[in-house]
Structure formats: structure tokens, C-alpha cells
Amino acid sequence: MQIIDLSECEYSNRHGSYGGMAGDKDGILYNGEYWIVKYPKSAKQFTSDINVSYVSSPLSEFIGSHVYNILGYDVHKTILGYRNGKIVVACKDFRDKSQELREMNKIKNAANRELAEIYQNISFTSSSSGDRVQLQELLLHFKHNSVLNKVEGVEKHFWETVVIDILIDNNDRNNGNWGILFDFDKNIYQLAPIYDNGNAFSNKASDEDIERYLQELDVENRLLGGRTAYDYNGKTLSAKRILEIGNSDLENAIRKVVPIIKEKISDILDFIDEIPETFNNQIVCSQIRKNYYKLGLITRLEKLLIPALIAR
């Protein structure tokens with residue numbers, strides 16, 4: 001596996017158009033195509049050590065996206081790169097010139113008033129900011145939202161990403177981190193590839209943190225105790241709790257996805273092993289981090305996902 005030196009790549013005419021909260025971004029041209037370079041975000045808000053940045057954020061985006069790819073899902077293409085002295089992840093811009101990405105927060109907000117007229121006893125919340133998803137509201141949008149009703153398989157897609165996000169410990173699939181594409185030329189909506197997977201795999205943990213975690217007697221509880229991005233009945237859902245929700249689409253997703261994970265888990269572990277440990281004297285993915293990531297994948301599969309499948 002190669003780390004691509006992106007230092008000489010020119011800015012594209014889409015540079016400056018990429019938003020989000022996960023650190024600085026460059027719009028570049030790589031091999032004549034549009035790519036988004038994501039830099040590691042400063043970790044000053046998480047620690048008093050001013051020399052720390054959580055460089056694993058690009059790594060988490062890269063591995064999380066490739067897990068989806070290995071499992072056979074349409075996901076944005078990512079490469080690990082080097083630019084401006086940092087290890088970065090570059091994500092191919094999947095939009096054609098006639099396409100616009102419409103994220104779920106905008107789709108949801110546009111229909112809140114309409115749904116409030118149908119369900120007069122429910123106060124529909126704005127999802128223009130914040131990282132929490134009100135799951136009950138979202139399910140009502142799947143049922144009534146006039147835009148989502150034009151997208152085949154959107155609810156099925158949502159629940160399958162929930163299952164895979166549990167595997168990779170992604171706790172940030174908020175309403176700004178998934179969406180649909182509108183094609184102006186064809187006047188159609190379609191699911192966008194899966195993107196924004198950078199909050200997977202304990203992306204704020206340093207190697208020192210990980211070494212400490214692995215020495216804990218209850219390391220399994222740490223690996224299994226992650227929260228999700230979803231609230232239900234006013235409570236934040238853990239990965240275990242969301243798998244227990246009585247929802248037929250979730251149950252179908254578990255029945256479909258977990259056997260695929262079981263079949264492909266060795267390929268996922270091998271992929272992590274292939275990531276270079278260093279590049280240009282910088283750490284890319286240390287052996288201890290690889291061990292922790294692999295342990296987490298195996299533990300969540302064996303202790304969360306397989307029992308959820310058996311329970312069905």
C-alpha cells in the first residue's frame with residue numbers, strides 16, 4: 001500500500017467550497033480529477049499539550065471507508081497522502097458536474113413544517129447544527145418526506161450503515177454526514193456514496209492512550225461501550241441498545257450485513273496490516289494502533305453483531 005505525495009497537486013476550482021467541522025480541507029486536482037484533502041484537526045480542545053494533533057483522523061476516514069468498500073458498499077474513494085508536511089486523507093469528489101449533494105439535515109429541515117402538520121403532537125427539531133439525530137423523527141421522515149420518498153432504498157441504506165458504523169465504532173453519522181444526490185440534467189434523486197467516516201476507530205486517541213487502554217482489565221467494555229449518533233425516547237443510544245430496537249428494517253439489515261462481515265473480516269484485518277507504519281519519518285499507523293483497531297473489530301463483531309444476528 002502506498003502513501004501518495006500530493007504536495008505538487010494544484011488547487012481545483014472547487015477549492016474553498018468544502019464545508020464541515022472535521023479540520024481544514026483543500027480542493028485539489030489529482031490525475032485530472034477533483035479530490036478533497038482532509039488534514040488532521042488540532043486536538044488542543046482535547047488536551048493541554050499544545051504539540052498534540054490527532055493525526056489518526058485521516059487514518060480513521062481512510063480505514064472506515066475501505067471497510068465499507070470491502071463489504072461491497074458504494075463509498076467515496078479514499079487514499080492516504082502527504083501534503084504540507086502532514087499525513088492526510090484524500091477523498092475523491094463523487095459529484096458529476098450536473099449533480100448536487102443534498103445532505104439529510106437540509107432535506108429534513110425543508111419538510112419539518114409539513115410533518116408537523118401531520119403529527120401535531122410532535123415538535124420537529126432543526127438539524128442544521130449539532131451532532132445528535134432524533135431517531136423517531138428520522139423514521140417519520142422516511143415515511144412522509146416527499147424528497148426521501150423519491151429515493152429507492154433510502155431506509156434500507158440507513159439501517160445497513162448503522163450496522164457497519166457499529167463495527168467500525170463510528171459515532172458521528174449525524175444528519176450532515178449522509179445524503180442524496182440530485183441530478184439536474186436527469187431530474188432524479190439517488191443515494192450518495194457513503195462518506196464522512198472520520199469519527200471511526202477512536203480517532204482522538206493517541207498511541208499512548210491506546211497502550212493504556214490495552215492494559216486495562218475492562219478493555220472489552222471500552223471497545224463495546226461506544227455511543228451512537230442517535231437519540232431515542234430522549235436517551236442517547238449505545239451500540240448495544242440500538243441493536244435491540246424493534247424495527248423490521250433494522251432486523252433485515254442485521255440479517256444481511258452481519259454474515260457479510262463474518263465472511264470478509266479476515267480481508268478487513270489484512271487491509272489494516274498492509275497500512276505503512278511510517279512515511280517521511282512520520283507515524284502513519286503504528287503496530288499498537290493496528291492491534292487495537294483489529295481487536296476492536298473482532299470484539300464488536302463477536303460480542304455485539306453476531307449475538308444480534310442470533311437473537312433474530
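**View 1. Strands E7 and E10 pair in parallel in this predicted model.** Strand E7, which covers residues 133-134, is joined to strand E10, residues 227-232, by two bridges, and the two strands run parallel. Within this pairing, Val 133 stands opposite Tyr 230 of E10. Strands of a sheet pair through backbone hydrogen bonds, and the pairing may be either parallel or antiparallel.

**View 2. Strand E10 also takes part in an antiparallel hairpin with strand E11.** Three bridges link E10 to strand E11, residues 235-238, and here the strands run antiparallel. Arg 227 has Ser 238 of E11 as its bridge partner. Two residues lie between the strands of this hairpin, in which Asn 233 adopts a positive phi near 55°.

**View 3. Five strands form an open sheet with mixed pairing.** Read across the sheet, the strand order is E1-E4-E5-E3-E2. The edges are occupied by strand E1 (4-5) and strand E2 (25-30), each of which has a single partner strand, so one side of each is left without a neighbour in the sheet.

**View 4. Strands E4 and E5 are antiparallel partners within the five-stranded sheet.** Strand E4, made up of residues 78-83, is connected by six bridges to strand E5, made up of residues 86-92, and the two run antiparallel. One of the residue pairs in view is formed by Arg 83 and its bridge partner in E5, Lys 86.

**View 5. The whole protein chain sets the context for the close-ups, with nine helices and 13 strands in its secondary structure.** The radius of gyration of the chain is 20 Å, close to the 20 Å that the globule rule gives for 312 residues, so the chain is as compact as a globular protein of that length. Taken along the principal axes, the box filled by the C-alpha atoms is roughly 60 × 50 × 40 Å. Of the 312 residues in the chain, 51% are buried, and among contacts between residues at least 6 apart in sequence, 67% join residues at least 24 apart.

**View 6. The surface and the charges of the protein chain are considered together.** The accessible surface comes to about 15300 Å², and carbon and sulfur atoms account for 45% of this area. The chain carries 38 positive and 44 negative charges, and the mean positions of these two sets are 4 Å apart.

Methods
Residues are numbered from 1 along each chain as its sequence is written. This is a predicted model: local features need pLDDT of at least 70, side-chain atom pairs count only at pLDDT 80 or more; totals for chains, interfaces and linings use all residues. Side-chain values use heavy atoms; hydrogens and water are left out. Helices (H or I, at least four residues) and strands (E, at least two) are DSSP runs, numbered from the N terminus. The radius of gyration is taken over C-alpha atoms; the globule rule is 2.2 Å times the number of residues to the power 0.38. Buried means under 20% relative accessible area, exposed over 50%, partly exposed in between (1.4 Å probe, protein chains only). Contact means heavy atoms within 4.5 Å. Accessible areas come from the Shrake-Rupley method with a 1.4 Å probe; for residues, only the protein chains shown count as cover. Lys and Arg count as positive and Asp and Glu as negative; His and the chain ends are not counted. The place of a charge is taken as NZ of Lys, CZ of Arg, CG of Asp or CD of Glu. Two strands pair if DSSP finds at least two bridges between them.
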